Amino acid sequence: MRILESCGVSFVVHSYECGDFTDGVSVADQLGQPHEMVYKTLVAVGKSKEHFVFVIPIEAELDLKLAARAVGEKSIEMLPLKDLTKVTGYVRGGCTAIGMKKEFPTVVDNSAKEQEVIMVSGGRRGSQIELAPDDLVRAAHAVYNDITVKK
């Protein structure tokens with residue numbers, strides 16, 4: 001949130017009850033938000049061993065080929081869960097594209113452009129941040145691209 005404030009980004013914090021990991025659909029339901037407005041943050045590793053961050057709708061699935069192409073990799077695979085905190089500084093269910101231990105190349109799915117505002121993790125379980133997609137892209141130094149499986 002300090003990073004967003006330093007970027008002059010307007011945002012709203014939403015809190016919800018959460019013990020251990022809660023999936024994005026449950027979070028959206030608990031907050032009474034439409035599913036297409038809530039996004040999850042995924043971390044992947046490229047063939048080059050570089051890490052990448054992808055922000056996609058909670059009901060979508062990351063298309064590994066499109067995601068790899070978007071970051072200029074031959075292939076990528078999801079970061080093993082056991083490595084998430086070590087790499088990002090965040091725990092599962094609290095991972096966000098803003099303020100990771102290190103800044104990684106970040107891609108936000110193009111579907112976010114269709115939303116006036118989206119919700120992403122606030123950096124810890126039980127916290128969601130509502131903001132304009134372009135503000136997330138600016139704060140995370142991200143780009144937009146098509147990175148989800150088309151159904």
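## A salt bridge in helix α5

The side chains of Arg138 and Asp135 come together in a salt bridge, with 3.1 Å from N to O. Keep in mind as you look around that this is a predicted model. Where do the two partners sit? Both belong to helix α5, which covers residues 133-139, and being three residues apart there, they are separated by about one helical turn.

How covered are these two residues? Arg138 counts as partly exposed, because its relative accessibility is 42%. Asp135, in contrast, has a relative accessible area of 17%, so it is buried. Here the cut-off helps: buried means under 20% relative accessible area, and exposed means over 50%. As background, side chains of opposite charge can pair when their charged atoms come close.

## A small network of charges

How many salt bridges does the structure hold? There are three. Besides the pair in helix α5, we can look at Lys82, Asp83 and Lys86, which are linked in a network of salt bridges. Asp83 takes part in a bridge with Lys82, at 3.3 Å from N to O. Asp83 also meets Lys86, and here the N to O distance is 3.8 Å.

Now compare how these residues are covered. Asp83 has a relative accessibility of 15%, so it counts as buried. Its partner Lys82 counts as exposed, because its relative accessibility is 70%. Lys86 is exposed as well, with a value of 57%. In this network, then, a buried Asp83 has salt bridges to Lys82 and to Lys86.

## A negative patch on the surface

Which residues gather in a patch of negative charge on the surface? They are Asp23, Asp29, Glu36 and Glu59. To find one of them, follow the chain to helix α2, residues 24-31, where Asp29 lies.

## Strand β7 and its neighbours

Let us turn to the strands. Strand β7 spans residues 127-131 and runs antiparallel to strand β6, residues 118-121, with four bridges joining the two. You can trace individual pairs across them: Ile118 is opposite Leu131 of β7, and Ser121 is opposite Gln128 of β7. The β6 and β7 hairpin has five residues between its strands, and Gly123 in this hairpin has a positive phi near 95°.

Strand β7 also pairs with strand β1, residues 12-15; the two run antiparallel and are joined by four bridges. In this pairing, Val13 has Ile129 of β7 as its bridge partner.

Is β7 mostly covered or mostly open? It is mostly covered, with five of its five residues buried. This holds for both faces of the strand: Ser127, Ile129 and Leu131 are buried on one side, while Gln128 and Glu130 are buried on the other.

## Two residues with positive phi

Most residues other than glycine have a negative phi. That makes the next two residues good ones to look up. Lys49 is not a glycine, yet its phi is positive, at about 80°. Lys49 is placed in the loop between β2 (39-46) and β3 (51-57). With a relative accessibility of 64%, Lys49 counts as exposed.

The other residue is His141, whose phi is near 50°, again a positive value in a residue other than glycine. Where is His141 found? Look in the loop between α5 and β8 (143-145). His141 counts as exposed, because its relative accessibility is 53%.

## A last stop at Glu77

Finally, visit strand β4, residues 76-78, where Glu77 is found. Is Glu77 buried or exposed? Its relative accessibility is 53%, so Glu77 counts as exposed. Glu77 and Ala67 are 10 residues apart along the chain, and their C-alpha atoms are separated by 9.7 Å.

Methods: Residues numbered from 1 in each chain as written. Heavy atoms only, no water. Patch = residues over 30% accessible without salt bridge, like charges linked within 9 Å, V, L, I, M, F, W, Y side chains within 5 Å. Areas by Shrake-Rupley, 256 points an atom, 1.4 Å probe, with all protein chains shown as cover. Salt bridge = Lys/Arg side-chain N within 4 Å of Asp/Glu carboxyl O. Lys, Arg positive; Asp, Glu negative; His and termini not counted. Charge placed at Lys NZ, Arg CZ, Asp CG, Glu CD. Buried < 20%, exposed > 50% of the residue type's maximum accessible area, 1.4 Å probe, protein only. Pairing = 2+ DSSP bridges.
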